[in-house]
Amino acid sequence: MRCWDPAVETMPEEALEKLQYKLLKTLVTRLYARSPFYHERMRQADIHPDDIRSRADIRLLPFMYKTDLRDNYPDRIFSSSQDDLVRYHVSSGTTGKPTVVGYTKNDIEIWTTSLARALTSCGLGRGDVIQVSYGYGLFTGGLGLHYGAERIGATVLPTSVGNTERQIELMQDLRATAIACTPSYLIHLGEAAERLGISIKNDTHLKSAIIGAEPWSETMKQRIFETMGVRAYDIYGTSEISGPMFSECSEQKGIHIWGDIALTEIIDPETGEPLPPGEPGELVMTILGKEALPMIRYRIGDLTKIIEEPCPCGRTHPRIQRISGRVDDMLIIRGINVFPSAIEHTILGIPELSGHFMIEVDRIGPLDEMLVRVEVAPEAFSDKINDLINIKRKVEHILKNALNIAVTIELSEPGSLPRFEGKAKRVIDRRVY
């Protein structure tokens, strides 16, 4: 097993629990004394730092929500002075003001350490050339992976997003062994390389991909390996908690959450009650050492579960399953809960399709209707109407069985649906509430 910090990453669970409690107690005491926002939240919940007597007592503390960040724009939740801030990142919001995240020098150090552990656990290190094709600037992905890659001694190729043909050229010429990007951009890059007569599998040194920032499936992971010869690792994080921080290890049996950095809970999205390991629910995180923008019991909105079984890699920190969807991205169609990730998983299993799709939801009279535009694979595309009708019927049948709801399918020609260099935006909901 290859570790960045073996003593911490393989810490006995009992020692890790004691450390988490110590860090939690310190965090709560500091914020009660110094943060008007958290002091008032604890006062309203009738909670004092003295009430936190064990790690389990985190459940006594109130939740934090995305709306809290928007309502306190830009920096009213910050608990560090302006003089102590070294950086801002800003995430775009779907409504209203964006979320501003401030960082102290120590916040950057914790973030970088987390990524150093993550990248090392994926088998990367000195001698690797890591092409960072996440966006730089206000988005956290580019700079986060950049710092983490440099920390482990790798050489960084900071290509950011876009200019895909140039990225392919540099990937070949500078012998990139790994790439960090969104899954949709990796697929797009592979297709662009094919059009140039270049095989990622045979004509480059690329062997690993650190991908995240949008939902993707095990089926897509397998397709990436089969078509590109690249082993794809899931990386997880949000801007609010710092950025991408946690990843799968080389065993690829769940995402390791470093327990000395984050305390993880899974709750029932409806009731807010904690769920036991193995039960799927909403992910809640407390970042134990964050200074500028503290996060206590932040309801991220992602759906996952804690994996009980020890990881074969030997690391003892908690693991979560791949994110299956989001509480707020869930579509309710005629009373049925539909997750775009479930549609993607199903479509990727149909050989006649390329894997690219768009979802359009509208309200026709009193009923919700969902249209899924799917792209036919080049080898399956035909000018024979009956062949296309058969594909359409097959896709409708498979999706109906998978989603428990009838879906209208529209076939599109190969290469006609949008490709995305940043986060994929595959859902258009036109309903007016």
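Trainee: What makes H8 count as largely enclosed by the rest of the structure?

Mentor: Eleven of its 13 residues are buried, so the surroundings largely enclose H8. Buried means under 20% relative accessible area, exposed over 50% and partly exposed in between, with a 1.4 Å probe and protein chains only. Keep in mind that this is a predicted model, where local features need pLDDT of at least 70 and side-chain atom pairs 80 or more, while totals for chains, interfaces and linings use all residues. Residues are numbered from 1 along each chain as its sequence is written, and side-chain values use heavy atoms, leaving out hydrogens and water.

Trainee: Which residues of H8 are buried, and what covers them?

Mentor: Among the buried ones are Tyr185, Leu186, His188 and Glu191. Their cover includes helix H7 (164-173), strand E5 (178-181), H10 and strand E18 (353-364), where contact means heavy atoms within 4.5 Å. Helices (H or I, at least four residues) and strands (E, at least two) are DSSP runs, numbered from the N terminus.

Trainee: How do you know that the length of H8 is close to what is expected?

Mentor: The expected span is 1.5 Å times one less than the number of residues. For the 13 residues of H8 (183-195) that gives 18 Å, and the helix reaches 19 Å from its first C-alpha to its last. Just after H8, glycine 197 takes a positive phi of about 80 degrees.

Trainee: Now the charged pairs. Why is the contact of lysine 221 and glutamate 248 called a salt bridge?

Mentor: The rule asks for a side-chain nitrogen of Lys or Arg within 4 Å of a carboxyl oxygen of Asp or Glu. Here the N to O distance is 3.0 Å, so the pair qualifies. Lysine 221 lies in helix H10 (residues 218-228) and glutamate 248 in strand E8 (residues 243-248), so the bridge ties together parts 27 residues apart in sequence.

Trainee: Are these two partners buried or exposed?

Mentor: Lysine 221 is buried at 9% relative accessible area, and glutamate 248 is buried at 4%.

Trainee: Which residue forms a salt bridge with arginine 322?

Mentor: That is aspartate 234, with the closest N and O atoms 3.5 Å apart. The two are 88 residues apart, arginine 322 in the loop between strands E14 and E15 and aspartate 234 in strand E7. Arginine 322 is buried at 14%, as is aspartate 234 at 6%. Through shared partners, Glu218, Lys221, Asp234, Glu248 and Arg322 join into one network.

Trainee: How many salt bridges does the rule give?

Mentor: The count comes to 26.
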